[in-house]
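User: I should like to study this protein structure step by step. Please answer my questions in order and explain the reasoning behind each answer.

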Amino acid sequence: MKPEILQRLLAAGSGRAALALVTRLSDGRQALVDRQVLCGDLSLGADQLAAVAHSVRVERSGALPQDEDLFVRVYAGPPRLLVVGAVHVALALAPMASLAGFEVTVIDPRRAFANAERFPRVALSNEWPDEAMARLVPDARTAVVTLTHEPKLDDPALIAALRSPAFYIGALGSTRTHAKRIQRLMEQGLGDQAGRIHAPVGLALGGRSPSEIAVAIVAQILQERYRDPS
């Protein structure tokens, strides 16, 4: 591995970006790839870069199916889940998502709800959602779920998420509740982005209890995370 590539990987270790080290097995040439080649002595065409980008998105290392002479090693920290609302569903959702490999943060300014007694071993934020989202900066490896049913809490988080590249956005609530939510988002100029929100949140598994709803949410997040955009 060339020193420049190693230095870039070490520098990225404390960040959140997922990177791919692409090695051509036949001659050992390498390239470090984000959305484009960052450094290295291996040239990649547009189709190859697209295939590498898909490997990075699903965080799967291995030979490229399109060109088995190219081996992709993905370097990435855990994906994140930002949960707005320390409610009953969140009590089940946070540990489930953690078991699925997510770095979970529960956001709720109501300290009676968001405290270490109710959420042991979970990162908590008692900031208002707009403040928390501004600090946490959702990226393409972040999922955002709102659970409070309170527009003053859910809406600022959804607005921030829709203005970010978050790969998943979900909101608890009925179809009627969501229609009102869409109207408020349209008033904020986000009508064209509102289709990104999964609402009612979670796969339609038929469950109704908080734990069952949490299972449906985690399942839908994973489905979206690994969805093939083609």
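**Questions on the structure**

Analyst: Asp 27 is found in the loop between β1 and β2. The model examined here is a predicted one.

User: Is Asp 27 buried, partly exposed or exposed?

Analyst: The relative accessible area of Asp 27 is 39%. Buried means under 20% and exposed means over 50%, with partly exposed in between. Asp 27 is therefore partly exposed.

User: What distance separates the C-alpha atoms of Asp 27 and Ala 116?

Analyst: Asp 27 and Ala 116 are 89 residues apart along the chain. In space, their C-alpha atoms are separated by 53 Å.

User: How many helices and strands does the protein chain have, and what box do its C-alpha atoms fill?

Analyst: The protein chain has 7 helices and 11 strands. Taken along the principal axes, the box filled by the C-alpha atoms is roughly 60 × 35 × 35 Å.

User: What percentage of the residues in the protein chain is buried?

Analyst: The protein chain has 230 residues. A residue counts as buried when its relative accessible area is under 20%. The buried share of the chain is 43%.

User: In the open sheet of 5 strands, which are the edge strands?

Analyst: The order of this open sheet is β3-β2-β1-β5-β4, with antiparallel pairing. An edge strand pairs on one side only. The edge strands are β3 (37–40) and β4 (62–64).

User: Which residue of β3 is the bridge partner of Ala 31?

Analyst: Strand β2 covers residues 30–33 and pairs with β3 in the antiparallel sense. This pairing extends over 3 bridges. The partner of Ala 31 in β3 is Gly 40.

User: At what angle does helix α2 run to β5?

Analyst: Helix α2 comprises residues 46–57 and lies across β1, β2, β3, β4 and β5. Within this arrangement, the angle of α2 to β5 (67–75) is about 40°.

User: Why is β6 described as largely enclosed by the rest of the structure?

Analyst: On one side of β6, Arg 80, Leu 82 and Val 84 are buried, and on the other side Leu 81 and Val 83 are buried. Both faces of the strand are thus covered. β6 is largely enclosed because the number of its residues that are buried is 5 of the 5.

User: Which residue of β7 is the bridge partner of Val 83?

Analyst: β6 and β7 pair in the parallel sense over 5 bridges. β7 is itself mostly covered, with 4 of its 5 residues buried. Along this pairing, Arg 80 stands opposite Glu 103. The partner of Val 83 in β7 is Val 106.

User: Which elements are included in what covers the buried residues of α3?

Analyst: Helix α3 spans residues 88–99, and its buried residues are Val 89, Ala 90, Ala 92, Leu 93, Ala 94 and Ala 97. In an α-helix, residues three or four places apart point the same way, because there are 3.6 residues a turn. The cover over the buried residues of α3 includes β6 (80–84), β7 (103–107), β9 (142–146) and α7 (210–225).

User: Which residue with a positive phi follows α3?

Analyst: The phi of this residue is near 100°. The residue is Gly 101.

User: Are α4 and α5 roughly parallel or roughly antiparallel?

Analyst: The axes of α4 (residues 129–136) and α5 (residues 151–162) come within 8 Å and cross at roughly 25°. Angles under 35 degrees count as roughly parallel. This crossing therefore makes the relation of α4 to α5 roughly parallel.

User: How many nonpolar, polar and charged residues form the contact of α4 with α5?

Analyst: From α4, Pro 129, Asp 130 and Met 133 meet Leu 153, Pro 156, Ala 157, Ala 160 and Ala 161 of α5. The division by class is 7 nonpolar, no polar and 1 charged.

User: What term describes the angle of α5 to α6?

Analyst: α5 and helix α6 (residues 175–187) pack with their axes 11 Å apart, at an angle of about 60°. This angle therefore makes α5 oblique to α6.

User: How many charged residues does the contact of α5 with α6 have?

Analyst: Pro 151, Asp 155, Leu 158, Ile 159 and Leu 162 of α5 meet Arg 181, Arg 184 and Leu 185 of α6. The contact has 5 nonpolar residues and no polar residues. The number of charged residues is 3.

Note on methods: Residues are numbered from 1 along each chain as its sequence is written. This is a predicted model: local features need pLDDT of at least 70, side-chain atom pairs count only at pLDDT 80 or more; totals for chains, interfaces and linings use all residues. Side-chain values use heavy atoms; hydrogens and water are left out. Axes are lines fitted to C-alpha atoms, for helices over the stretch in contact, and angles run from 0 to 180 degrees between N-to-C directions. Helices (H or I, at least four residues) and strands (E, at least two) are DSSP runs, numbered from the N terminus. Angles under 35 degrees count as roughly parallel, over 145 as roughly antiparallel, 65 to 115 as roughly perpendicular and the rest as oblique. Contact means heavy atoms within 4.5 Å. Ala, Val, Leu, Ile, Met, Phe, Trp, Tyr, Cys and Pro count as nonpolar, Asp, Glu, Lys and Arg as charged, and the others, Gly among them, as polar. Two strands pair if DSSP finds at least two bridges between them. Buried means under 20% relative accessible area, exposed over 50%, partly exposed in between (1.4 Å probe, protein chains only).
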